[in-house]
Amino acid sequence: MSIHEECGVFGIYDPAGDCARTTYYGLYSLQHRGQEACGIATINDRELSYHKDLGLVGDVFHQDVLDRLGGTMAVGHVRYSTTGGVRRENAQPLTLKYVKGTLAVAHNGNLVNTPELRTSFEYRGAIFQTTTDSELIAYAIAQERLRCGSAEEAVCQAVKGLRGAFSLIVMSARKLIAARDPWGFRPLCMGRRGQAVVFASESCALDAVGAAFEREIDPGEIVVVEDGQVRSIRENCAGATSHMCIFEYIYFARPDSVICGQSVHEARLEAGRILAREHPVDADVVIGVPDSGLDAAMGYAEESGIPYGQGFVKNRYIGRTFITPDQQSREQAVRIKLGALRSTVEGRRVVMIDDSIVRGTTSRQIISLLREAGAKEVHFRVSAPPFIAPCYFGTDIPDKKDLIACRHTVEEIRRLVGADTLGFLSVDALERIAPSAACGFCKGCFTEEYHVATAGM
């Protein structure tokens, strides 16, 4: 099993127009953050248009759709579900038409007070069209807008009632608004391209559309774009402290992104270097499991002096819709998605680097591929500590009963996955993999220590 993160968001104001096409390219670069559904909403002469569906960006959007959407403002979203199922109505951006006008909302993260919020809205007559916590956010903003004098003031008041992780892009008829929770769990940055102002989950999306990175949105900050003018509301920043998910560096983000001033690629290299120091072994070649294990494998090879090699070929044409109804099919899926390179591993002592072990079943299958390709030994190194707790903030780490590290010792896990040796990155090393990052980290899935109350979850 692979770990997944809920989604990616993108927003743009550009008086030159054609914002839908720019958003399309931005979402393409964020596709790794969600492959189940996607959508784009635009504003043309204060009129809201949108298109969204299940599927990948390249499948959902075509030339005629982008031409129709156009837009001088746009907000886009790619989704992987953690709250709510894989249903078309759960695709984002969520759009509302209400007495004050229109709203489009794109959300990355996960709220921990969803049941209380939903009950409160239902007792006030709300009728929900989706099963996502993102709809609660849209309702909260719309409700506050009835009492507030502006869309940004409504966002400012609404987010005070939200607990958990949220990086938001909200679009009204005249304004584009970006907001981040006071803990900064999920990344959100801003860039510029001429007169255009761009927001995105990762800097790689800014690069993809030719926008220059300007800065991160601070935890608790709300940034408003109106008629090309940018202003910041910092009312909710008082006492805000960053606890960004450390797994952005280990797995989620694209290697060419920079988050909190730290290169993701360099963070993964450093994780590999630390692994080599913490868990050395005599071996002939170091390989990585595509894709997020590759950089850590390079770091391990660099530090250990063991040559780096390509151990696997990945089938790039297998999407998340690949049907795996039973265990036998899931095992077959691993063989279709990955192939071991016999010329690299046959007769050799192999160090295999991957980003995590969740249930252990996929790791066992991948190690079996190496054995079948003739690997003499397989030494498994993991560029994250063992998962001992679920995540409540937008990562689909399952309940403890499904986490292999909650039921077995490291030695037992080694035997279960079929490795000759096994080593995890230490919890203490997490702070050291991103030394340039100007933020603190949430490590709750590795420590069971959370910065936000999760009672009732």
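**Close-up views of a predicted model**

**View 1. The second largest cavity encloses about 40 Å³ of space.** This view, like those that follow, is taken from a predicted model. The residues lining the second largest cavity are Tyr249, Ile250, Ala267, Arg268, Ala271, Ser292, Ala296, Ser383 and Ile433. Two or more of the lining residues come from each of the elements α8 (247–252) and α9 (264–278). The greatest contribution is that of α9, which supplies three residues. Sorted by class, the lining of the second largest cavity comprises six nonpolar, two polar and one charged residues.

**View 2. The largest cavity holds about 90 Å³ of space.** Three cavities of 30 Å³ or more are found when the whole structure is searched. Rolling a probe the size of a water molecule over the atoms reveals where empty space remains. The lining of the largest cavity consists of 14 residues. Those nearest the centre of this cavity are Cys245, Cys391, Thr395, Cys442 and Cys445. Of the lining residues, 11 are nonpolar, two are polar and one is charged.

**View 3. Helix α4 (residues 114–122) has buried residues at Thr114, Leu117 and Phe121.** These residues lie on the same side of α4, because they span an arc of only 70 degrees around the axis. In an α-helix there are 3.6 residues a turn, so residues three or four places apart point the same way. The cover over the buried residues of α4 includes strand β6 (101–111) and helix α5 (133–145).

**View 4. Strand β10 (residues 196–200) is mostly covered, with five of its five residues buried.** On one side of β10 the buried residues are Ala196, Val198 and Ala200, and on the other side they are Val197 and Phe199. Both faces of the strand are thus covered. In a regular strand, side chains alternate between the two faces of the sheet.

**View 5. Strand β10 pairs with β1 and with β9.** Strand β1 (residues 7–13) runs antiparallel to β10 and is joined to it by four bridges. Glycine 11 has phenylalanine 199 of β10 as its bridge partner. Strand β9 (residues 189–193) is likewise antiparallel to β10, and five bridges join the two. Here arginine 193 is partnered with alanine 196 of β10. A hairpin is formed by β9 and β10, with two residues between the strands. Glycine 194, in the turn, has a positive phi of about 65 degrees.

Technical notes:
Residues are numbered from 1 along each chain as its sequence is written. This is a predicted model: local features need pLDDT of at least 70, side-chain atom pairs count only at pLDDT 80 or more; totals for chains, interfaces and linings use all residues. Side-chain values use heavy atoms; hydrogens and water are left out. Buried means under 20% relative accessible area, exposed over 50%, partly exposed in between (1.4 Å probe, protein chains only). The arc is that of the directions from the helix axis to the C-beta atoms. Contact means heavy atoms within 4.5 Å. Two strands pair if DSSP finds at least two bridges between them. On a 1 Å grid over the protein atoms alone, a cavity is a set of points where a 1.4 Å probe fits but cannot get out, and a pocket is an open set with protein on both sides within 12 Å along at least five of seven lines; lining residues have an atom within 4 Å of a point. Grid points are joined across faces, edges and corners, and a volume is the space filled by probe spheres set on the points. Ala, Val, Leu, Ile, Met, Phe, Trp, Tyr, Cys and Pro count as nonpolar, Asp, Glu, Lys and Arg as charged, and the others, Gly among them, as polar.
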